[in-house]
Every structure is written in structure tokens, then in C-alpha cells.
Amino acid sequence: MDAFKIIGGQPLHGEVTISGAKNAALPILMSALLSETPVTFSNVPKLNDIETTIKLLSQFGAKCQWVSESSLMIDASSIDHCRASYELVKTMRASILVLGPLLARFGHAEVSLPGGCAIGARPVNLHIHGLKLMGADIDVENGYIVARNNGRLKGATIFMDTVSVTGTENLMMAAALADGVTIIENAAREPEIVDLANCLNSMGAIVLGAGSDTLTITGVEKLQGESYSVMPDRIETGTFLVAAAVTQGKVRCLNTDPKALDAVLSKLQEAGAVITTGDDWIELEMTSRPKAVNIRTAPHPAFPTDMQAQFVAMNAIAQGTATTTETIFENRFMHVPELQRMGAKISLEGNTAISTGVEQLNGAQVMATDLRASASLVIAGLVASTETQVDRIYHIDRGYQKIEDKLQALGANITRIKAS
Ligand SMILES: CC(=O)N[C@H]1[C@@H](OP(=O)(O)OP(=O)(O)OC[C@H]2O[C@@H](n3ccc(=O)[nH]c3=O)[C@H](O)[C@@H]2O)O[C@H](CO)[C@@H](O)[C@@H]1O
Ligand SMILES: C=C(OP(=O)(O)O)C(=O)O
């Protein structure tokens with residue numbers, strides 16, 4: 001397994017180009033299953049979850065082909081199978097996003113239950129409940145969700161008990177080809193939902209209300225896509241901004257969208273950063289040690305759980321004491337014991353981490369446990385006094401495109417140690 005070796009202490013300076021958003025690209029690529037024509041997606045990030053998506057769609061018989069560095073053509077005009085295997089689903093939970101499209105277009109889907117993961121149990125009951133309300137017949141057989149439907153799904157009114165991002169996306173995609181109107185109440189409002197709605201509408205779907213908590217989807221008989229460009233990655237952007245803040249550097253993120261990062265930018269300003277923005281760029285300058293900031297994660301537009309670990313790393317070296325409360329996932333503090341090994345003063349009380357910033361973290365050998373935990377350990381390594389080795393970085397490779405190349409270009413001393 002590859003690892004990163006980081007020698008901390010270099011302030012980050014320069015420009016970094018942000019890639020397309022993983023969490024928008026995944027549902028958007030899956031939406032090709034709804035289209036009777038090939039679709040070319042641009043601004044697709046090159047990372048392991050996208051490779052897994054390509055394997056998954058290819059397993060169904062769809063044709064996937066990179067037509068340029070970041071453009072991927074998917075032709076799912078006809079497919080041979082509707083089964084998403086455990087081997088792929090266990091490496092990427094977002095594989096569940098094929099359930100809605102396969103069922104809506106082909107009347108049949110078999111998708112392995114994803115199971116729990118490092119950050120929480122992450123059930124998919126809301127996905128299943130919504131599809132059942134649309135008339136699907138769904139059983140769990142030998143660890144697989146087996147869903148069938150005769151003819152088109154039926155429009156329904158669906159109230160989501162909990163705000164779920166992929167749950168909303170799965171149901172939106174299913175509803176796009178259903179017979180009648182579907183209303184999704186208590187829908188997720190994340191920017192990635194808006195991006196998926198825009199993509200579906202570009203294929204001929206009628207999705208209204210994206211970005212609000214009520215979506216109204218009028219089903220159509222068929223969808224035909226041509227091209228769609230994925231939104232920039234707001235979490236990758238936030239990760240580079242925090243890395244710049246902790247190292248007291250000055251970094252401009254290009255090809256990004258400041259409007260998708262309100263909660264994160266406001267917390268960085270509270271920490272003492274000077275933030276300047278343009279239509280598609282954000283610059284952060286930090287000239288002193290950050291001030292500790294209180295964080296509470298919640299669904300959009302509140303502070304995103306996918307930025308929590310990075311802010312815990314910042315609070316670890318900040319001036320003062322702050323609390324970080326995680327309200328989305330029940331076990332998303334696996335980075336805390338690793339940061340403690342680097343000298344961080346953090347205690348955990350239930351779903352809250354209480355950090356008292358130290359002036360200097362020490363390098364250590366630490367282990368990445370999930371995607372954003374890995375990012376927080378890299379950030380900590382960038383300011384630690386000595387060498388840090390971050391093991392198991394396959395987690396970070398799931399969701400960041402060439403993170404070490406981008407950090408090196410900003411002046412960081414980070415190298416990949418290849419598994420022998
Ligand atoms: C690929 C993708 O976009 N992943 C993102 C997505 O994950 P994902 O869509 O899996 O997360 P959800 O929004 O569904 O999860 C929110 C909460 O709802 C619960 N829940 C969810 C579905 C369900 O059927 N039943 C249920 O109880 C979950 O356990 C969790 O406690 O949103 C999360 C929350 O912003 C982000 O951290 C992930 O990066
Ligand atoms: C938790 C994340 O991803 P996933 O839902 O794919 O596990 C993430 O992007 O931080």
C-alpha cells in the first residue's frame with residue numbers, strides 16, 4: 001500500500017487548479033444509464049472512484065471511453081446486465097446510485113448492499129423506501145438489493161425522514177423516467193444535487209426546485225443526453241484552503257466556485273484568513289497562526305461534514321480552544337487519535353471534539369482511515385516539525401486527483417512511497 005512522506009514547515013504559495021467534483025461526477029456519470037444516446041461528460045476528475053464507476057458501468061455492458069484528459073464518453077444506449085457486484089460496491093458506496101437509474105430504465109436492478117464503513121453505518125433504507133413508494137418490488141437476497149418493476153415507475157410523494165444526499169439523487173434519477181409527478185420533500189440541498197438536476201434537465205428531464213428542500217420531478221418517457229460539464233470540487237477547494245491557512249501561506253484556487261463554499265469561507269475568515277474571490281477563483285492569505293474556530297456539521301447550506309476533519313487539523317495548531325461537533329456521521333473522528341499521536345491536544349466527548357491548539361505538531365507515522373481523515377493527516381504533516389508518514393493513502397486516492405503533485409507545485413515537501 002502506498003504512503004506519503006511529508007516534511008513539514010513550508011508555507012504553501014501559488015495557484016492550484018481544482019478538479020471536477022467527485023461527489024457530483026459520481027451521480028452524473030451514473031445518470032448516463034438513463035440516456036438512450038451516448039453522453040460526453042467534461043471536467044471529470046481522474047481519481048479512483050471514477051475508475052470504479054467506469055468498471056461498474058462497463059460491467060453492465062455500457063461503453064466508457066476517455067476522449068480527452070478530463071472528458072469521458074459513456075454510451076449506455078444498450079446494456080447486458082443490471083447487477084452491481086459486491087467486489088465493486090464494497091470499494092465505493094456511491095455504487096448504490098445505479099439502483100434508481102437501472103430500475104427506472106430497465107425495470108430490474110441488483111445492487112450489493114454496501115454495508116457499514118469507517119465513518120458510520122450508512123444504511124440505504126431511504127433509497128429503498130422511496131423506490132417502493134414509486135411502485136418497485138424490492139427484496140434483499142443474499143446481500144443484494146433485488147429490485148423489479150413492471151413497466152414505468154409511478155410518480156409519488158416521498159418524504160425523506162433524514163436528509164440524504166445520495167438518497168435524494170437516486171430518487172431524482174428514478175423519478176426522471178417515472179410515469180407522473182414525483183415530489184421529494186426534505187430533499188438534500190447540496191450543490192451536487194443542483195448539478196445533477198442541471199445534467200438531467202440537459203437530457204430532457206423536468207426537475208424543478210433543486211437547491212431547495214422540495215424537488216418536483218415530472219417524469220418523461222425517455223432521456224437523451226449530449227454533453228455536460230461537472231461542477232468544481234468544493235471539498236478539494238476547501239482542503240487546499242485549509243492547507244494554505246495552517247502553513248500561513250497564500251494560495252489561489254482556480255476553476256472553482258466560491259458560492260458553493262460560503263460556510264467554509266466564513267469559518268476560515270473567522271480563523272483570521274484574508275479571503276478574496278472572483279467568479280471562478282478563491283485566494284486565501286494567512287499571515288499569523290490561525291485562531292481556533294467552533295464547527296458544527298449539518299446538511300447544506302451549513303458546514304459540510306466532508307470538511308470537518310481538515311478543520312480539526314487546523315484547530316490542532318490554532319490559538320485557543322474550540323469544539324467541533326459532528327452531526328451527520330456517528331463515527332467520523334478516526335483522525336483524532338492519529339492527530340494525538342502527532343502531539344495534538346484533542347479530547348472526544350460523544351460527537352464533539354474539543355481541541356486546544358498547540359504551537360507545534362510533531363511528525364509521526366500515522367494511518368489514514370477514510371478519505372477526509374487522510375486529508376487532515378496530510379494537512380497536519382504539512383505543519384509538523386519533523387517527518388510524517390501517512391500510511392494507507394488508497395483512501396485519499398479515491399477522492400483527490402494527484403494531491404501530491406498539486407501540493408508539491410505549491411511548495412510542499414511531500415512524496416509518494418510506492419508499495420513494493
Ligand atoms: C458520494 C457522495 O455524495 N457522498 C457524500 C454523501 O454521502 P451519502 O449520500 O452516503 O450520505 P447521506 O447524506 O445519505 O447521509 C446522511 C445521514 O443520513 C443517514 N442515512 C442515509 C441514507 C439512508 O437511507 N438512511 C440513513 O439513515 C446516514 O447514515 C447519515 O447519517 O453525503 C454525505 C453527507 O453530506 C457526504 O459526507 C458524502 O461525501
Ligand atoms: C464520505 C465521502 O465519500 P463517500 O460517500 O463516497 O464515502 C467523502 O467524499 O468525504
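How do the residues of the shell around ligand 2 divide into nonpolar, polar and charged? In this predicted model, the shell holds two nonpolar, two polar and three charged residues. The residues around ligand 2 are Asn23, Arg93, Ala94, Asp306, Leu371, Arg372 and Gly399. Both domains take part. At least three residues of the shell come from domain 1, and at least three from domain 2.

The two domains divide the protein as follows. Domain 1 covers 2-19 + 232-418, and domain 2 covers 22-229. Their C-alpha centres lie 30 Å apart. The contact between the domains takes 19 residues from domain 1 and 14 residues from domain 2. On the side of domain 1 that touches domain 2, helix α13 (residues 394-399) gives the most, with three residues. That side of domain 1 is mixed in character. Its residues divide into six nonpolar, six polar and seven charged.

One annotated position comes next. An unreviewed UniProt entry carries the annotation "active site", which covers Cys117. Cys117 sits in the loop that runs between β7 (108-112) and α5 (125-133). Is Cys117 buried, exposed or partly exposed? Cys117 counts as partly exposed because 14 C-beta neighbours lie inside 10 Å. A buried residue would need 20 or more, and an exposed one 12 or fewer. With neighbours within four places in sequence left aside, Cys117 is in contact with Arg93 and Arg122. Arg93 is also one of the residues around ligand 2.

Helix α9 offers a view of local packing. This helix spans residues 262-270, and Val264, Leu265, Lys267 and Leu268 are buried in it. Seen down the axis of α9, these buried residues fall within an arc of 160°, so they line one face of the helix. The spacing fits a general rule. An α-helix has 3.6 residues a turn, so residues three or four places apart point the same way. What covers the buried residues of α9? The cover includes two helices, α8 (234-246) and α10 (308-316), along with the strands β16 (274-277), β17 (281-285) and β18 (295-296). Just after α9, Gly272 takes a positive phi of about 110°.

Key. Residues numbered from 1 in each chain as written. Chains lettered and ligands numbered in written order. Predicted model: local features only at pLDDT ≥ 70, side-chain atom pairs only at ≥ 80, totals over all residues. Near = placed C-beta within 6 Å. Nonpolar A, V, L, I, M, F, W, Y, C, P; charged D, E, K, R; others polar. Domains from an automatic or database assignment. Contact = placed C-beta atoms within 7 Å. Helix = DSSP H or I, 4+ residues; strand = E, 2+ residues; numbered from the N terminus. UniProt positions renumbered as here; feature names shortened; annotations may be inferred. Arc of directions from axis to C-beta.
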